[in-house]
Amino acid sequence: MTKEMIISSNDHETRVAILEDDLVAELFVERERQRGVVGNIYKGRVSKVLPGMQSAFVDIGLERDGFLYVSDVAQTVDDLDRLEAAEEGEGEAAAASKDADTVESPQSNGEGEGRPAKAAEARPTDSARADGSRRGRRGPKTEEAAADEPRIESLLREGQDVLVQVVKEPLGTKGARLTCHASLAGRFLVFMPTVDHVGVSRKIESREERGRLRGIVREFRDAEGFTGGIIIRTAASGRPKDDIVSDLQYFNRIWKETRNKLDSMRPPAVVYREQSLVAKLLRDLLTDDYTAIRIDSYQEYQRVLELVERMMPSLAGKVKHYNKNFPILEEYGVQAELDKALRSKVWLKSGGSIVINQTEALVAVDVNTGRYVGKRSAGRLEDTIVKTNLEAAREIVRQIRLRDLGGIIVLDFIDMEEKKNRQKVFQAVEQELRRDRAPSKALQVSDFGLIVVTRKRVKQSLERVLTEPCPYCSGSGVIKSSSTICYEILSEVKKLNMDLNGHGVVLRVNPDIARALKEEEAGVLRDLQQTLGRPITLRPDAHLHHEQFDLMAIG
């Protein structure tokens, strides 16, 4: 599989498209006035503690307070001072006893790497799992385990200052999801200031290489008095010492600056801001699979070239400056795919179609044969259906990634009679999901012939980033029909008849309703005059909403 990264950047917005085999697989948008907050570290203030929910709300300076669950409370600002004063020997002993359990985060790239979702001080290896199986949700706990856990009211109090990191963007009416287990991702390492553990990715199998990398990290920790946990990522395998030390120096500098800001800034305040969109993607996604990185902005091209030369010098020659006048997203077909991604209906090459509907609770995807009626040589309806479903399975997962859909996604494929065919479609969905960087899981609901996919949602979907609810229909997608409005006017007149004093009545309505009252609903207009017993003056008003009308007595 060949990959390309297409970057369109200007002073107001940056768009990055990932192409896989010349098809747009992922699209990222960052606007200068609406930059994402995932990864940012804040000095916040607890605004409310909810013992019944074992959670707290923290003011971090955003529109809505962030949400902090009890298991995400590692330590407060005062506890960080205690951590820095603690002896490192205990952490190293714990790390040595856990060699077989070294870990790597499931979040950032196709290999299952990136910034840990959790990092508990008491159990450092819980920060992530190499198989990517850890998700944000927690399983059931025994009564004994629940009783041993600290209560939120014993950890936090209203008005208390806390250091928190955003792990999930504010979505809709919900505030950002927060954690006290801060972590910073580099190209080769992940730094977790709230633990004292050195771990190595399980994907690095060589014992000698694991020992070499661990030795580099420990040598730096001893020399610099550097505290905190380190996870060595798969990308570090075979890299020279200078590359590893470079990440460690970066973490050491950033964390010292963060600590200084904590002492001098009043909450709510940002003490660390995540890197730009392009820098994050290069850090997390760049591999030898990329055949080209094309950028239309010369300034951004220079920054990208500098980053790539530092991260992977062998790929520097693949960074290209696009200098044509024709928009780069149009040139590589990204804009056309973006326009399709904002529509609910997507046509398949065979003539079939899929319809994607987002709701508050879940995403529903329906598959239809559409114009595809099969080939004469096929002979069976089942074969036509299977072919359509298999094609739809590939396109559905691509659309899920492209639109960045998350939560519960219900896939309603065309009914198939044979169990082997249902299994074939399910396996196709699972295979395509393996390309997805976001943690996901597919489940076959055999009784209904449905497939349910759960996908981790970290930020808003593409639709919600690029669109807003229609002001005319309030986002519902429908308005009342002209006939319905005419009948409602009749009902309102009957209700207000006694209060309408005067020789006549003026009825102001939208022009579409005025036309309906003169044509197909002329009978309603006659009933209105009979009910009032006086003439009605009909006045079309283009400034009125389709569903709005106004009755006024005159004379």
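**Notebook: sheet, rings and cysteines in a predicted model**

I began with strand β22 (residues 504-509), which six bridges join to β24, and I noted that the two run antiparallel. The model I am reading is predicted. Within this pairing I looked up arginine 508 and found it opposite aspartate 550 in β24.

I then traced the sheet to which these strands belong. Three strands make it up, in the order β23-β22-β24, and I recorded the sheet as open, with mixed pairing. At its edges I found β23 (536-540) and β24 (549-554); each has a single partner strand, so one side of each is left without a neighbour in the sheet. From one strand to the next I noted an average twist of 20 degrees. I also asked which helix packs on this sheet. I identified helix α15 (residues 511-518), which touches β22 and β23. For the direction of α15 relative to that of β23, I entered an angle of about 140 degrees.

**Entry on strand β20**

I located serine 440 in strand β20, which covers residues 440-445. Its relative accessibility is 16%, so I entered serine 440 as buried. I also looked up its spacing to arginine 455: the two are 15 residues apart in sequence, yet their C-alpha atoms lie 4.2 Å apart in space.

**Entry on aromatic rings**

I searched the whole structure for aromatic pairs and obtained eight. For phenylalanine 220 and phenylalanine 226 I noted ring centres 5.8 Å apart and planes at 75 degrees; the pair is therefore edge-to-face, since an angle over 60 degrees counts as such. I found phenylalanine 220 to be buried, and phenylalanine 226 likewise.

Next I looked at tyrosine 250 and phenylalanine 251. I recorded their pair as tilted, with 5.7 Å from centre to centre and 55 degrees between the planes. I checked the burial of these residues as well: tyrosine 250 and phenylalanine 251 are both buried.

I then asked which residues form one aromatic cluster. I listed Phe191, Phe220, Phe226, Tyr250, Phe251 and Trp255. Both pairs described above thus have their residues in this cluster.

**Entry on cysteines**

I looked for disulfides and counted zero in the structure. Cysteine 470 is in none, and I noted that the nearest cysteine sulfur, that of cysteine 473, is 3.7 Å away. Cysteine 473 is likewise in no disulfide, and the nearest cysteine sulfur to it is that of cysteine 470, at 3.7 Å. Why does this pair not count? I noted that a disulfide requires sulfur atoms within 2.5 Å, whereas these two sulfurs are 3.7 Å apart.

I compared the accessibility of the two residues. Cysteine 470 has 35% relative accessibility, so I entered it as partly exposed. Cysteine 473 has 14%, and I therefore entered it as buried.

**Entry on the whole chain**

To close, I looked up the totals. I counted 16 helices and 24 strands in the chain. Of its 555 residues, 48% count as buried. Among contacts with a separation of 6 or more, I found that residues 24 or more positions apart account for 70%. For the exposed surface of the chain I entered about 28,100 Å², of which carbon and sulfur atoms supply 47%.

Key. Residues are numbered from 1 along each chain as its sequence is written. This is a predicted model: local features need pLDDT of at least 70, side-chain atom pairs count only at pLDDT 80 or more; totals for chains, interfaces and linings use all residues. Side-chain values use heavy atoms; hydrogens and water are left out. Buried means under 20% relative accessible area, exposed over 50%, partly exposed in between (1.4 Å probe, protein chains only). Helices (H or I, at least four residues) and strands (E, at least two) are DSSP runs, numbered from the N terminus. Two strands pair if DSSP finds at least two bridges between them. Axes are lines fitted to C-alpha atoms, for helices over the stretch in contact, and angles run from 0 to 180 degrees between N-to-C directions. Contact means heavy atoms within 4.5 Å. Rings of Phe, Tyr and Trp (its six-membered ring) pair if their centres lie within 6.5 Å; planes under 30 degrees apart count as stacked, over 60 as edge-to-face and the rest as tilted. Accessible areas come from the Shrake-Rupley method with a 1.4 Å probe; for residues, only the protein chains shown count as cover.
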